[in-house]
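Some notes on the model follow, as numbered points. Please read them beside the sequence and the coordinates.

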Amino acid sequence: MHTMKFSRIFLLSNEERRGLEVTFSPDATVICGRNGFGKSAILKSLYDAFGAEPHKVDRSWRDANVITAVEFMIDGKRYSILKFAGTYTVFDSNDQRVFHTASVMQELAPYLAELLDFRLSMADQRGDTVVPPPAYAFAPYYVDQDNSWSEAWAPFTKMFLPKSASALADYHLGLKPNAYYVALAERTQTQQRLKQIQVRVDGLSDAADHLRQIEPETSVYFDLADFKAETDLLLAEARRLQDAQTVHRSKLVELEDERALWTANISVTRGALREAETVFASAVGHSEEVQCPTCGEHYHNDITARFDMAADTEALVAAHHSALAELRAVDAALEKRRAALEEIARATERVQALLAPRSTGLDLGQVIAAEGRNAATRSLRSQIDGMQQELGLLSTRYRELSDDMRKAQDRKRAKLIRDTFASDLTRLALQLDVRVGDVHTGPISSMSFARGSEGPRGIAAYFYACLNTISKFGSGTFCPVVVDAPNQQGQDDKHLPAIIEMLLSQRPKGTQLILGVEEPTGVDGSGAEVIRVGERRNQLLREADHEPVSERLRPLLAQLV
């Protein structure tokens, strides 16, 4: 699994003539600042530079027209990405431009997917397969202060693809790894190619059939190979028609038997209805006391018995109508089968006419027309043969890719992933004083949280259980873990340090953590680098940093001209 880390972020506002440079530790960085001092703006800008749009951006920040540049490392190789005036530009380790676009979905998403080895593909609202926007690559690694503490898998806006949460959980946790989506992407392309070729084969076959039907009496061949090929095709078509005719006739017999059964059923229910109506009418007409004419015993003709008779009658009526509906369905199926048999009979007549042409009374024009037809048929047949071979190869490849997808979803591996996630979730939930039953039930992609201060602690446990599972079974690039404002719902003096200590100590080994807090409670002894930001409320950028940041970004901006 590849590893990504943030190195530095540069923020520049030429409107305000202010700037800011923040250097991140490759291990853990704690960014401190009171509410409104801009620590969240730094964390949001990290992802905004990659085209992952944050949930809330202050009006004053937008008005400042901030230029953002982020230096980052992937497996030790340095890159930079610059967001400026709605465009995104990537630079290599020598600060040379290697990519530039204004389109997030169409161009930036595929580029970053390749750079991050992010192979997830999803269907959009129209059913077309697309590469998800960059937000999907970073979704499990970022807890934003505006949305993530109440909803998982949606730390950014415009995560619009259907069933995003379940697709993200399956991919990132390794239930459907890169191998699955690589095979899926190729299989989709193979399927499209199969459809395209089949359409062409059908069109050429129709043209060849049409040629064969033109004046079949003049089937004259100057080439024995043409005659043999044409005859073989016709014989094969005759056999196919005969097989189809056998199938349809067999089905007709079955349908006729079924029709006889339903007809008998209808007859029985009608007889039963007549008898029930007679009995019911007799019961209604008698007095409350009825004497048996055989034994002389007296029986009570109560209203309950009469209702039971009525209920029996209703059941018979329902059975009768159901049988009628089934009979109508069988009749419709019979009609379709008979129509198909008639069409097969007409096709058989055409083939037989082609197999038994007249060989006398031909004039020169007919001979020339026949040879022209044969030449055209020969050309069509050659094209069809080539496409049939390609169809066979593509069909074989399609089956191989389907097997690869099944292998990538190995049941034993999936069980191990789920067990690992459940074990980590239970351990972390207990550490944060969270009732496990209130943290997670059902699929990994869905959660249920307790109310009050316990809820955010449950989210933190869930978030880290996912990260630990991703580190063991994920197949893309493990990105920096960024957590903003863990002090949610008024955590007390016991639980807030516990959350921060867990975030610092329980992350996967080698993971970079960037944590945004008001005060560094529980940070002591962790080895994390603490950075305080913000000049004053609503002023994150500093006048003193404008020139140094501008000087750093000037060579990058110059390459956009």
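**Largest pocket, a helix pair and one loop residue**

1. The largest pocket has a lining of 48 residues, and those nearest its centre are Ser45, Val57, Asp58, Trp61 and Arg62. A pocket here is an open set of points on a 1 Å grid over the protein atoms alone, where a 1.4 Å probe fits, with protein on both sides within 12 Å along at least five of seven lines; lining residues have an atom within 4 Å of a point. This is a predicted model: local features need pLDDT of at least 70, side-chain atom pairs count only at pLDDT 80 or more, and totals for chains, interfaces and linings use all residues. Residues are numbered from 1 along each chain as its sequence is written, and side-chain values use heavy atoms, without hydrogens and water.

2. α1 (39-48) is among the elements that give two or more residues to this lining. With 6 residues, α1 gives the most. Helices are DSSP runs (H or I, at least four residues) and strands are E runs of at least two, numbered from the N terminus.

3. Helix α12 (residues 454-473) and helix α13 (residues 495-505) have axes that come within 11 Å and cross at roughly 10°; axes are lines fitted to C-alpha atoms over the stretch in contact, with angles from 0 to 180 degrees between N-to-C directions. The two helices α12 and α13 are therefore roughly parallel (angles under 35 degrees).

4. Asparagine 147 sits in the loop between β10 (142-143) and α5 (164-172). Its relative accessibility is 16%, so asparagine 147 counts as buried (under 20% relative accessible area, 1.4 Å probe, protein chains only). Beyond neighbours within four places in sequence, asparagine 147 contacts His55 and Ala154 (heavy atoms within 4.5 Å).

Definitions and conventions
Buried < 20%, exposed > 50% of the residue type's maximum accessible area, 1.4 Å probe, protein only. Parallel < 35°, antiparallel > 145°, perpendicular 65-115°, else oblique.
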